[in-house]
Amino acid sequence: MTRKDSNQNAKDICALHTDVFSPDLKLLVLAPHPDDFEAIGVTLKRFKSNGNRITLAVISSGASGVEDSYLANDGNLIAKARIREREQLAGCRFFGLDESDLVFLRCAEDRDGNILENKENYHQIKHCIKKHDPDLIFMPHPNDTNLGHRRSYALVRKALYKMSKPRLLLLNKDPKTISMDERLYTFFEKEDELWKRKLLKLHASQHWRNLRTRGHGFDYRILEFNRVCALNIKLAGYAEVFDFEVTTSRSFSKGDSSLYNKNIKDGAINILVVDDVKINRLVLEFILRKCGCECDWAEDGLDALKKLDSENDYTIIFMDCLMPKLGGYETIQRIRRDERYNGMQIFCTSSMRSQDGVLNPRCEQCPVDGFLNKPFTESEVRSLL
């Protein structure tokens, strides 16, 4: 796929709506340094409001980011590391993250303060992932001038390569990111901007260093970067931007075109997901992969019919109700009239129920095998399968 950065087409990136994720999904933030958590604070705040449990693991001390002249600590790395950890604790308290959900890995570093890409650090990171068993992992994108970001990603990727459980790896854009595919964004405005500014300023050593070396504070640096990210996708406000990878044992799948290996394994359930909203496809396909299914996608009813004509090997279809060009209801009617698809199971996915739980009358008339009400959980998907 072509790299997209400052020339990102706004239609190629979609909003990261946390409410489409089930609250039972667990998040792990693997922060190469203290303050990497705060850089995506608004996104994490919305996941927290959604009910998702968040664990923060800080990989390195970040001591090299504290200048010798700060608080006259005279170059003592232990004192600098303690400063960074105190700042991270203050940030977590402000955020509302329980201290039991914060761990400092204190991985070994080289003379420049960058994490070493060695066996000991690999096993420590692998143990952290196994212990907390996350569904979603957040960390900075590796295509970055920051060596700590690159090495941290390499160790995480190596650890995930050995694990069978699929996970969604969300890689955030950083001021030092060279280039990346911008696929998801969290948009925010003044209220969240003021909140994030306070959060960032709690890293006082970094605020002081930015004031001295760049002429503006740490909060300005990150929020100005967020403002430019929003402008690049034609939004007036601020945005935290992400690429993503879906991980399985010995494989990493990138992009939205398909999160799955198209080579169908013997006995695997082959599923077509039809939804015009990218983030909805991402969430459902991620859950289906966890269930051991193969999967393809279509962005509307017409696209789905073309896929069926060219590849009539789908066992199940998950069909969104409301889509442009050709909606879910009309598409299902056409499929049911075609004898080639006799026996194919179709599940309707939509916000089909009102707040009092009453099913939309049109859904009741639709010839489907079951309904999946958004947002849905993994157990609800498994029960249909």
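## Close-up views of a predicted model

The protein chain in this predicted model carries 13 helices and 14 strands. Of its 385 residues, 56% are buried. Take the contacts with a separation of 6 or more, and 74% of them link residues 24 or more positions apart. The legends below go through helix packing, empty space and two single residues.

**View 1. Helix H7 crosses helix H8.**
Here we're looking at H7, residues 204–214, and H8, residues 218–232. Their axes come within 7 Å and cross at roughly 80 degrees. Angles from 65 to 115 degrees count as roughly perpendicular, and H7 and H8 therefore get that label. On the H7 side, the contact is made by Gln-206, His-207, Asn-210 and Arg-214. H8 brings Phe-218, Asp-219 and Arg-221 to the contact. Sorted by class, the residues of this H7–H8 contact are one nonpolar, three polar and three charged.

**View 2. Helix H3 packs on helix H7.**
H7 turns up again, this time with H3, which spans residues 77–95. The two helices pack at an angle of about 110 degrees, and their axes are 8 Å apart. That angle makes H3 roughly perpendicular to H7. Which residues of H3 meet H7? They are Ile-83, Arg-84 and Glu-87, and they meet Ala-204, Ser-205 and Gln-206 in H7. The class split for the contact of H3 with H7 is two nonpolar, two polar and two charged. Keep an eye on Gln-206, since this residue is listed in the H3 contact and also in the contact with H8.

**View 3. The largest pocket, with H7 in its lining.**
About 440 Å³ of space lies in the largest pocket. The pocket is lined by 26 residues, and those closest to its centre are His-33, Asn-146, Lys-176, Gln-206 and Arg-209. So what gives the most to this lining? That's H7, with four residues. The elements that give two or more residues are helix H1 (36–39), helix H5 (147–161), H7 and H8. If you're thinking about the chemistry of the wall, the lining has six nonpolar, eleven polar and nine charged residues. Gln-206 appears here too, listed among the residues closest to the pocket centre.

**View 4. The largest cavity, with H8 in its lining.**
The count comes to three cavities of 30 Å³ or more. The largest of them holds about 70 Å³ of space. Of its 13 lining residues, the closest to the centre are Ala-39, Asn-172, Lys-173, Phe-225 and Asn-226. H8 provides the largest share of the lining, at four residues. H8 and strand S8 (238–248) each supply at least two residues. By class, the lining divides into eight nonpolar, two polar and three charged residues.

**View 5. The second largest cavity.**
About 40 Å³ of space lies in the second largest cavity. The lining here is short enough to list: Val-20, Asn-280, Val-283, Lys-374, Pro-375 and Phe-376. Four of these lining residues are nonpolar, one is polar and one is charged.

**View 6. Arg-227 on helix H8.**
Back on H8, this close-up picks out Arg-227. Is Arg-227 buried, exposed or partly exposed? Its relative accessibility is 31%, so Arg-227 counts as partly exposed; the partly exposed class sits between the buried limit of 20% and the exposed limit of 50%. Not counting residues up to four places away in sequence, Arg-227 touches Gly-237 and Tyr-238. Glu-189 is 38 residues from Arg-227 in sequence, and the C-alpha to C-alpha distance is 9.6 Å.

**View 7. Leu-384 in helix H13.**
Leu-384 is found in H13, which covers residues 378–384. Which residues is Leu-384 in contact with, leaving aside its neighbours within four places in sequence? They are Phe-318, Phe-347, Phe-371 and Leu-372. For a sense of spacing, Leu-384 and Asp-369 are 15 residues apart in sequence, with their C-alpha atoms 8.9 Å apart.

How values were computed. Residues numbered from 1 in each chain as written. Predicted model: local features only at pLDDT ≥ 70, side-chain atom pairs only at ≥ 80, totals over all residues. Heavy atoms only, no water. Axes fitted to C-alpha atoms, helices over the stretch in contact; angles between N-to-C directions. Parallel < 35°, antiparallel > 145°, perpendicular 65-115°, else oblique. Contact = heavy atoms within 4.5 Å. Nonpolar A, V, L, I, M, F, W, Y, C, P; charged D, E, K, R; others polar. 1 Å grid on protein atoms, 1.4 Å probe; cavity = no way out; pocket = protein on both sides within 12 Å on 5 of 7 lines; lining within 4 Å. Points joined across faces, edges and corners; volume = space filled by probe spheres on them. Buried < 20%, exposed > 50% of the residue type's maximum accessible area, 1.4 Å probe, protein only.
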